Amino acid sequence: MANTIVVGAQWGDEAKGKIVDYLSDHVDMVVRYSGGNNAGHSVTVQGVEYKFHLVPAGILHPHLLCVISDGVVIDPVILMQELQSLQARGISLSNLKISGAAHVILPWHRLQDELEENARGEEKIGTTGRGIGPAYADKAARMGIRMAEFVHPQRFAARLQTVLAHKNRLLTGVYGAEPLKAENILQELETAAKWLQPFVCDTALLIHNAASRHSVLFEGAQGALLDIDLGTYPYVTSSHPIAGGACLGTGIGPKMIDRVIGVAKSYTTRVGAGAFPTELLNETGSFIRERGHEYGTTTGRPRRCGWLDMVALRYAARINGLDALALGHLDVLCGLDEVNICVAYKDGSGNTLEDLPSDLASRTDLTPVYERLPGWHTDPAEAAYWHELPQQAQQFIQRVQDLLNIPIATLSVGPAREQTILMRPELL
Ligand code: IMP
């Protein structure tokens, strides 16, 4: 067993839930360490699809302890509803723990998210509108309210008075919005606070103890290129989806991490605004979107689609320290005569860039340099082994591995748990 971090190696939506679910058999604990209900993944088990926003996908395995740790921001009503719907489908919640140090998304955060986006005009980030950025901003400003306070009625009411006074000055003074009333917020959130209270505890020691047995899976949300520091700022989320975020968001030291697995699609998608050099604004982009059902799990927004970008993927491999890659969505590319891989960018002066520039978000002069490979017309969705894949798909995968210089541990050929080809099981 190993303490393993699973991270998104692109701009999110890489189907990390599937690989987390797959690896869950080999650990005692699964920890969700960053982000909030801006994330969403679907996992299909025995033909039944489960959608998650905050709860670790590991909850489907009764032997696991599932933790929502310090680094996550929690919308209490959404979490309660997600848990209730799992319960209604017969999933036990007895193995769930929520960190008392996780920050709470409160009604003003969602409001602020919307007002700030509107105020950005043409420069909208395209947030999910879930209050994520404002909640993390308040955490950094030491104005946040944490789960341990939230589930304690008197402490929550007292903190609310102080914080709301400040928030109302902001809402009314800067944005000309109506002030929020403390009694309405208390009423709105009372049920969720009571409902979630039994799950809230100090999770840092719990995670440390499981990590000492090398038995923890750290489940990343979003993707490396959305990291607040290392992503395509400012078109990023406000947390640390990268592997380093697993330490920050749980209280585990980096030496306890045994391996990091990156998850990527065989192409690239992005939701919201921001640089996307390999974006396809043509019928191939639409083909990928429709075949790959590339619509947000959380917001339903159509995802922007493009060719696999090895410049971005190599960067993600570097900043996460990837040991292996789980490459997915190979079935989606089936039916194309030609498949492209971006191996570098050309800048406005004709220079070739093989490394992602830190100012990518503001670069308008970059064009992708493509390698063109033959496509495949036999659907690999039924393939259970490498030798059952179409030869052109094998060539594509081999090329990705060579360009990345990191081994591919698994291939995914469809959403179901069974649609996974094990290439290097010893790396998992
Ligand atoms: P926020 O996290 O809602 O503040 O959104 C900031 C940016 O991150 C926007 O471009 C979102 O579309 C993007 N984003 C946030 N969460 C996800 C996700 O789970 N998948 C893909 N994009 C995401």
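**Exercise 1.** Sort the shell around the ligand in this predicted model by residue class. How many nonpolar, polar and charged residues does the shell have?

*Solution.* Start with the class counts: 6 residues are nonpolar, 7 are polar and 2 are charged. Next, pick out who sits nearest. Out of 15 residues around the ligand, the ones that come nearest are Asp 13, Asn 38, Thr 128, Thr 237 and Arg 301.

**Exercise 2.** Track down polar contacts to oxygen atoms of the ligand, using a cut-off of 3.5 Å between N or O atoms. Which part of Thr 237, Val 271 and Gly 126 takes part, backbone or side chain?

*Solution.* Take Thr 237 to begin with: an N or O atom of its side chain is 2.6 Å from a ligand oxygen. Now go to Val 271, where a backbone N or O atom does the job at 3.1 Å. Then check Gly 126: here a polar backbone atom is 3.4 Å from an oxygen of the ligand. Finally, look at cover: on its own the ligand has 470 Å² of accessible area, and the protein covers 96% of that.

**Exercise 3.** Find the members of the largest nonpolar core that touch the most other members, then follow Phe 218 outwards.

*Solution.* The core holds 73 residues, and the best-connected ones are Ile 5, Phe 218, Tyr 345 and Phe 396. Helix 11 (residues 310-320) supplies the largest share of this core, with 8 residues. Now zoom in on Phe 218 and skip neighbours within four places in sequence: its contacts include Ile 5, Val 31, Tyr 33, Ile 207 and Ile 257. Last step: spot the second, separate core, which has 54 residues, among them Leu 86, Ile 91, Leu 96 and Val 151.

Note on methods:
Residues numbered from 1 in each chain as written. Predicted model: local features only at pLDDT ≥ 70, side-chain atom pairs only at ≥ 80, totals over all residues. Heavy atoms only, no water. Core = buried A, V, L, I, M, F, W, Y, C linked by side-chain atoms within 4.5 Å. Buried < 20%, exposed > 50% of the residue type's maximum accessible area, 1.4 Å probe, protein only. Helix = DSSP H or I, 4+ residues; strand = E, 2+ residues; numbered from the N terminus. Contact = heavy atoms within 4.5 Å. Near = heavy atom within 4 Å. Polar contact = N/O pair within 3.5 Å; in protein donor to acceptor, adjacent residues only side chain to side chain. Areas by Shrake-Rupley, 256 points an atom, 1.4 Å probe, with all protein chains shown as cover. Nonpolar A, V, L, I, M, F, W, Y, C, P; charged D, E, K, R; others polar.
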